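Reader: I want to learn how the labels on a model like this are earned. Can we take them one at a time?

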Amino acid sequence: MAFGTLSLKGRALRLLSQREHSRAELQRKLAPHVQEGDNLAAVLDDLQAQDFISEARVVESVLHRRAGRLGASRIRQELQAKGLGAEAVQQAVAQLQGSELERAREVWRRKFGEPATDPQTRAKQMRFLLARGFSGDVVRRAVKGADESDPK
């Protein structure tokens with residue numbers, strides 16, 4: 001190995017030190033660096049056995065970073081893109097469902113702060129929340145609830 005080049009394990013540990021990565025993400029990022037004699041699967045197995053790779057921590061990390069800004073469907077897409085198992089993704093999304101309306105209202109409040117005065121503005125607010133991954137029903141309730149905001 002030439003001076004200044006990292007082993008696959010070194011590269012994997014560097015990536016893991018920056019944020020949690022799923023096994024599939026590490027495989028995708030490390031594959032271009034595999035050289036003759038390297039065994040990427042063995043490196044990943046070793047890291048997983050030592051608990052450096054944890055599906056549960058990846059899910060927790062994504063939920064912690066993104067739940068305040070995104071709806072369940074966008075978070076589901078992110079988790080699936082990370083190559084996580086269907087069961088882990090489904091559990092994470094189920095965990096978010098209870099707070100979906102509350103989170104949508106908070107995102108709406110931070111972005112707009114006041115109810116729409118005309119149908120075009122209302123549609124814009126709804127499109128914004130839909131693009132963030134909130135369901136149509138939740139978006140309607142969040143924007144409608146904004147019209148009936150509590151007097152302070």
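Reader: Why is Phe-128 called buried?

Author: This is a predicted model, and every value here is computed from it. Phe-128 has a relative accessibility of 19%. Buried means under 20%. The value falls under the cut-off, so Phe-128 counts as buried.

Reader: What makes Phe-112 and Phe-128 an edge-to-face pair?

Author: Start with the distance. The ring centres are 5.5 Å apart, and rings pair if their centres lie within 6.5 Å. Now the planes. They stand at 90°, and over 60 degrees counts as edge-to-face. Both tests are met, so the pair is edge-to-face.

Reader: Where do the two rings sit along the chain?

Author: Phe-112 is in the loop between helix H7 (100-111) and helix H8 (119-131). Phe-128 is in helix H8. They are 16 residues apart, and the pair links distant parts of the chain. By this rule the count comes to 1 aromatic pair.

Reader: Why are H7 and H8 called oblique?

Author: They pack at an angle of about 125°, with their axes 11 Å apart. Roughly perpendicular covers 65 to 115 degrees, and roughly antiparallel needs over 145. The angle fits neither range, and it is not under the 35 degrees of roughly parallel, so H7 and H8 are oblique. H7 passes H8 in a right-handed crossing.

Reader: Which residues meet where H7 packs on H8?

Author: From H7 come Ala-104, Val-107, Trp-108 and Lys-111. From H8 come Gln-125, Phe-128 and Leu-129. By class, that contact has 5 nonpolar, 1 polar and 1 charged residues.

Reader: Is Gly-113 buried, partly exposed or exposed, and how do you know?

Author: Gly-113 lies in the loop between H7 and H8. Its relative accessible area is 48%. Exposed needs over 50%, and buried needs under 20%. The value lies in between, so Gly-113 is partly exposed. The C-alpha atoms of Gly-113 and Ala-56 are separated by 35 Å, with their places 57 residues apart along the chain.

Reader: What makes H5 and H6 roughly antiparallel?

Author: The axes of helix H5 (residues 72-81) and helix H6 (residues 86-97) cross at roughly 160°. Over 145 degrees counts as roughly antiparallel. The angle passes that mark, so H5 is roughly antiparallel to H6. The axes come within 10 Å. H5 passes H6 in a right-handed crossing.

Reader: What kinds of residue make up the contact of H5 with H6?

Author: The contact has 7 nonpolar, 3 polar and 1 charged residues. Among those in H5 are Ile-75, Arg-76 and Leu-79. Those in H6 include Val-89, Val-93 and Leu-96.

Reader: Why is H1 called oblique to H2?

Author: Helix H1 (residues 8-18) and H2 pack at an angle of about 125°, with their axes 11 Å apart. Roughly perpendicular stops at 115 degrees, and roughly antiparallel starts over 145. The angle falls in the gap, so H1 is oblique to H2. Their crossing is right-handed.

Reader: How does the contact of H1 with H2 divide by class?

Author: It has 6 nonpolar, no polar and 2 charged residues. Leu-8, Arg-11, Ala-12, Leu-15 and Leu-16 in H1 meet Leu-26, Lys-29 and Leu-30 in H2.

Reader: Is Glu-25 buried or exposed, and how do you know?

Author: Glu-25 lies in helix H2 (residues 23-30). Its relative accessible area is 3%. The cut-off for buried is under 20%, so Glu-25 is buried. Leaving aside its neighbours within four places in sequence, Glu-25 is in contact with Arg-19, Glu-20 and Lys-82.

Reader: What makes Asp-51 and Phe-52 partly exposed?

Author: Asp-51 has a relative accessible area of 46%, and Phe-52 has 35%. Partly exposed lies between 20% and 50%. Each value falls inside, so each residue is partly exposed. Asp-51 is found in the loop between helix H3 (40-49) and helix H4 (55-66), and Phe-52 is in the loop between H3 and H4 too. Asp-51 also has a positive phi of about 65°, although it is not a glycine.

Notes. Residues numbered from 1 in each chain as written. Predicted model: local features only at pLDDT ≥ 70, side-chain atom pairs only at ≥ 80, totals over all residues. Heavy atoms only, no water. Phe/Tyr/Trp six-rings, centres within 6.5 Å; stacked < 30°, edge-to-face > 60°. Helix = DSSP H or I, 4+ residues; strand = E, 2+ residues; numbered from the N terminus. Buried < 20%, exposed > 50% of the residue type's maximum accessible area, 1.4 Å probe, protein only. Axes fitted to C-alpha atoms, helices over the stretch in contact; angles between N-to-C directions. Left-handed = near helix turned anticlockwise from the far one by under 90°. Contact = heavy atoms within 4.5 Å. Nonpolar A, V, L, I, M, F, W, Y, C, P; charged D, E, K, R; others polar.
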